[in-house]
Amino acid sequence: MTAQLGMTVSLRAMRPADWPAVRDIFQEGIDTGFATFESSAPEWDAFDNYRLPEHRFVAVGEDGEILGWTAVSPVSSRPAYAGVVEHSIYVAGAARGQGVGKLLLQALSASTEAAGIWTIQSSIFPENEASLRLHQANGFAVVGRRDRIARVSTGPAAGQWRDTLLLERRPPVIG
């Protein structure tokens, strides 16, 4: 899939060779203090073992630079939750606000729907207004708020309790 967003962006499956760029974008998001409770991006093996390979995508610019990525993880090993995943999406700072996140979410939604996944969920800090707008514009709904769910481990907010909003997206028809 290729799109014109003021620049040409193509989407493709994430490859292990993409990991250095994916990790850097992940860490950049972590460093904002608005993306995750994680304090640092994991090593490739941990990332690879926890995320479903068939639902990992990268957005690639005209020059081959990776501009963003998305991936999903199962929420449970219980069979009843086999169709429920939690996703992550990160866009490089220089590419934010240009439609890269939208392309990634659309690809992820199409991929998971085709595989029979019936719920994609995510927890987002209420202060991350750009991410909330992106998700809501792409079919995600806020279904709850988790007050003081965890503490921030690094940065200026280290030790502070944070709330998250629970969002989910379900396909129009659940079979």
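This passage describes the fold, the aromatic pairs, the nonpolar cores and a few polar side chains of a predicted model.

The overall architecture is a good place to begin. Four helices and eight strands make up the secondary structure of the protein, and from the N terminus on these elements follow the order β-β-α-α-β-β-β-α-β-α-β-β. The radius of gyration is 16 Å, close to the 16 Å that the globule rule gives for 175 residues, so the protein is as compact as a globular protein of that length. The C-alpha trace spans about 45 × 40 × 30 Å along its principal axes. Of the 175 residues, 42% count as buried. Contacts across the sequence are well represented: taking those between residues at least 6 apart, 62% join residues at least 24 apart.

Next come the aromatic side chains. A pair of aromatic rings is described by the distance of the centres and the angle of the planes. The count for this model comes to seven aromatic pairs. In one of them, the ring centres of phenylalanine 26 and tyrosine 90 are 4.8 Å apart and the planes stand at 50°, so this pair is tilted. The pair links distant parts of the chain, since phenylalanine 26 belongs to helix 1 (residues 19–32) and tyrosine 90 to strand 5 (residues 84–91), with the two positions 64 residues apart in sequence. Both phenylalanine 26 and tyrosine 90 are buried, the latter with a relative accessible area of 8%.

Tyrosine 90 also pairs with tryptophan 69, and here the arrangement is stacked, at 5.2 Å centre to centre and 15° between the planes. Tryptophan 69 sits in strand 4 (residues 66–74) and tyrosine 90 in strand 5, so this pair ties together parts that are 21 residues apart in sequence. With a relative accessibility of 0%, tryptophan 69 counts as buried. Both pairs fall within one aromatic cluster, formed by Trp19, Phe26, Trp44, Phe47, Trp69 and Tyr90. Elsewhere, a charged group meets a ring: arginine 162 lies over the face of phenylalanine 125, at 3.9 Å from the ring centre.

The nonpolar interior can be described in the same spirit. In soluble globular proteins, nonpolar side chains tend to be buried together. The largest nonpolar core of this model holds 24 residues, of which Val9, Leu11, Ala59, Leu67, Val100, Leu104 and Leu167 touch the most other members. Two or more residues each come from strand 2 (8–13), strand 3 (57–61), strand 4, strand 5, helix 3 (100–114), strand 6 (119–124) and strand 8 (161–169). Helix 3 gives the most, with six residues. Alanine 59 offers a closer look at this core: beyond its neighbours within four places in sequence, alanine 59 is in contact with Val9, Ser10, Leu11, Glu65, Ile66, Leu67, Gly68, Val100 and Leu104. A second, separate core has 16 residues, including Val22, Ala41, Phe47 and Ala71.

Strand 8 also carries two buried charged residues. Aspartate 163 lies in this strand and is buried, with a relative accessible area of 19%, which falls under the 20% cut-off. The side chain of aspartate 163 is joined to that of arginine 145 by a polar contact of 2.8 Å. A polar atom of the aspartate 163 side chain also lies 2.7 Å from the backbone nitrogen of arginine 148. Leaving aside neighbours within four places in sequence, the contacts of aspartate 163 are with Phe125, Pro126, Arg145, Arg146, Asp147 and Arg148.

Arginine 169 is likewise placed in strand 8, and counts as buried at 15% relative accessibility. The side chain of arginine 169 makes a polar contact of 2.7 Å with the side chain of glutamate 113, while the backbone oxygen of asparagine 138 lies 3.4 Å from a polar atom of the arginine 169 side chain. Not counting residues up to four places away in sequence, arginine 169 touches Ser109, Glu113, Trp118, Thr119, Ile120, Asn138, Gly139 and Phe140.

A loop residue completes the picture. Proline 156 is found between strand 7 (141–151) and strand 8, and counts as exposed at 89% relative accessibility. The C-alpha atoms of proline 156 and glycine 33 are separated by 8.2 Å, although the two residues are 123 residues apart along the chain.

Notes: Residues are numbered from 1 along each chain as its sequence is written. This is a predicted model: local features need pLDDT of at least 70, side-chain atom pairs count only at pLDDT 80 or more; totals for chains, interfaces and linings use all residues. Side-chain values use heavy atoms; hydrogens and water are left out. Rings of Phe, Tyr and Trp (its six-membered ring) pair if their centres lie within 6.5 Å; planes under 30 degrees apart count as stacked, over 60 as edge-to-face and the rest as tilted. Buried means under 20% relative accessible area, exposed over 50%, partly exposed in between (1.4 Å probe, protein chains only). A charge sits over a ring if NZ of Lys or CZ of Arg is within 6 Å of the ring centre and within 35 degrees of the ring normal. A nonpolar core is a set of buried Ala, Val, Leu, Ile, Met, Phe, Trp, Tyr and Cys residues joined through side-chain atoms within 4.5 Å. Contact means heavy atoms within 4.5 Å. A polar contact is a pair of N or O atoms within 3.5 Å; within protein, one must be able to donate a hydrogen and the other to accept it, and residues adjacent in sequence count only if both atoms are side-chain atoms. The radius of gyration is taken over C-alpha atoms; the globule rule is 2.2 Å times the number of residues to the power 0.38.
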